Each structure stands twice: as structure tokens, then as C-alpha cells.
Amino acid sequence: MGAAAIYDSNPEFCADIIANCVRSVERVICNYYPEGAWMEGTGYWHYATTYCVNLMATLESVVGTDFNLSKTKGFENTGMYSVETEGPNGTIGEHDSGTSKMTPYCNMYLAGKFNDPGLGAFKIHSLKKNNVVPPAVDLIWYKEEFDNP
């Protein structure tokens, strides 16, 4: 993201860094295949997906494309992984993940990116249910249809 921050001042230099970054992420993002789950549980899903979303949103904003990272098979379903692993008392603790209540801000981005108002609605429901103040970034990705899917 540092290269994206100074892209306008030195696009040639930054383009090379961004290309290397995208190639590196391509090696890992394929792990969302086939259904969007993450191989090491919910805690690492949250970590990996948050960084993927931050990268994709930054690339879209700065260079106008995420270089098809979001089209990686399985990634379009990954928001549902956090929904499906959420129980009444928190997430299902698998591998070395805890059982905390998750309200990942990446789901608001994923709901908009993949036109899934139900995912956005679930995010809003989780925030209210868990009495969590939404992060400011949710305002960037919020869409009115998330209130009434």
C-alpha cells in the first residue's frame, strides 16, 4: 500500500512493486477455493481476508483494478464463511482460533463487491447484536440495500 500511496509521483517505480505484490498474493489467495473457507480457521480467515480486502480496495482506488484477485475461485463466497461459522456465543473455534464474536469490516466490502445485500445485512445485524460500534471504513462500503435485503 505504500507504493499505492506514492503512485502518482512515481508510477513506473510503483507499478513494479504493485506487480510483485499481486503475484505474491496470487500464490495465497487460491486457498479460498473451493467455497471461500480458510484452511486455518476463523481467526486466520479474518486476518487473511482483511488484508486481501484492503489490498483490493486500494488497488481499485489507485489504479482502477484489483488485477482479478477478486475473481479467484472461491473468493466470491468467502464472506459467507464468517456467517456460517458464527454461533450464538461467537465463532466456532477450529484449529487455534478462538471463539470470539466476529464482525469483520471486510464483509461490508465483500457484500458490495459481489452484490450480496444479505451479507451486508448480516454484518449490520452482527454489529447491533454484539453492541459493536462499526469502524469508519464501513461507511465507505455501506449501501442502503443492506438495511432491507
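In the predicted model, Val 63 is partly exposed, with a relative accessible area of 26%; the value is neither under 20%, as burial would require, nor over 50%, as full exposure would require. Val 63 belongs to helix H3. Its C-alpha atom is separated by 8.6 Å from that of Tyr 7, although the two residues are 56 positions apart along the chain.

The secondary structure consists of seven helices and two strands. Read from the N terminus, the order of elements is α-α-α-α-β-β-α-α-α. The chain has 149 residues, of which 42% are buried. Among contacts with a sequence separation of 6 or more, 63% join residues 24 or more positions apart.

Two packed helices are described by the angle between their axes and the distance between the axes. Helix H2, which spans residues 11-29, packs against helix H3, residues 42-63, at an angle of about 145°. The axes of H2 and H3 lie 12 Å apart, and H2 passes H3 in a left-handed crossing. On the H2 side the contact is formed by Ile 18, Cys 21, Val 22, Val 25 and Ile 29, and on the H3 side by Cys 52, Leu 55, Met 56 and Leu 59. Sorted by class, this contact of H2 with H3 contains nine nonpolar residues, with no polar and no charged ones.

A second helix pair is formed by H5 (residues 106-113) and H6 (residues 117-129), with an angle of about 160° and axes 8 Å apart. H5 is therefore roughly antiparallel to H6, since angles over 145 degrees are placed in that class. The crossing of H5 past H6 is left-handed. H5 contributes Asn 107, Met 108, Leu 110 and Ala 111 to the contact, and H6 contributes Leu 119, Gly 120, Lys 123 and Ile 124. The contact of H5 with H6 comprises five nonpolar, two polar and one charged residues.

In soluble globular proteins, nonpolar side chains tend to be buried together. The largest nonpolar core of the model has 29 residues, and the members that touch the most other members are Ile 29, Tyr 32, Met 56, Leu 69, Phe 75 and Tyr 109. At least two residues of this core come from each of H2, H3, H4 (78-84), H5 and H6. H3 gives the most, with eight residues. For Leu 69, one of the core members named above, the contacts beyond four places in sequence are with Val 22, Val 25, Glu 26, Ile 29, Leu 55, Met 56 and Leu 59. Of these partners, Val 22, Val 25 and Ile 29 of H2 and Leu 55, Met 56 and Leu 59 of H3 also take part in the contact between the two helices.

Most residues other than glycine have a negative phi, and most peptide bonds are trans. Exceptions to both tendencies occur in the loops. The peptide bond from Tyr 33 to Pro 34 is cis, with omega near 10°, and Pro 34 lies in the loop between H2 and H3. In the loop between H3 and H4, Phe 67 has a positive phi of about 55° although it is not a glycine. Asn 68, found in the loop between H3 and H4, is likewise not a glycine and has a positive phi of about 65°. Phe 67 is partly exposed at 39% relative accessibility, and Asn 68 is partly exposed at 46%.

Terms used:
Residues are numbered from 1 along each chain as its sequence is written. This is a predicted model: local features need pLDDT of at least 70, side-chain atom pairs count only at pLDDT 80 or more; totals for chains, interfaces and linings use all residues. Side-chain values use heavy atoms; hydrogens and water are left out. Axes are lines fitted to C-alpha atoms, for helices over the stretch in contact, and angles run from 0 to 180 degrees between N-to-C directions. Helices (H or I, at least four residues) and strands (E, at least two) are DSSP runs, numbered from the N terminus. A crossing is left-handed if the near helix is turned anticlockwise from the far one by less than a right angle, and right-handed if clockwise. Contact means heavy atoms within 4.5 Å. Ala, Val, Leu, Ile, Met, Phe, Trp, Tyr, Cys and Pro count as nonpolar, Asp, Glu, Lys and Arg as charged, and the others, Gly among them, as polar. Angles under 35 degrees count as roughly parallel, over 145 as roughly antiparallel, 65 to 115 as roughly perpendicular and the rest as oblique. A nonpolar core is a set of buried Ala, Val, Leu, Ile, Met, Phe, Trp, Tyr and Cys residues joined through side-chain atoms within 4.5 Å. Buried means under 20% relative accessible area, exposed over 50%, partly exposed in between (1.4 Å probe, protein chains only).
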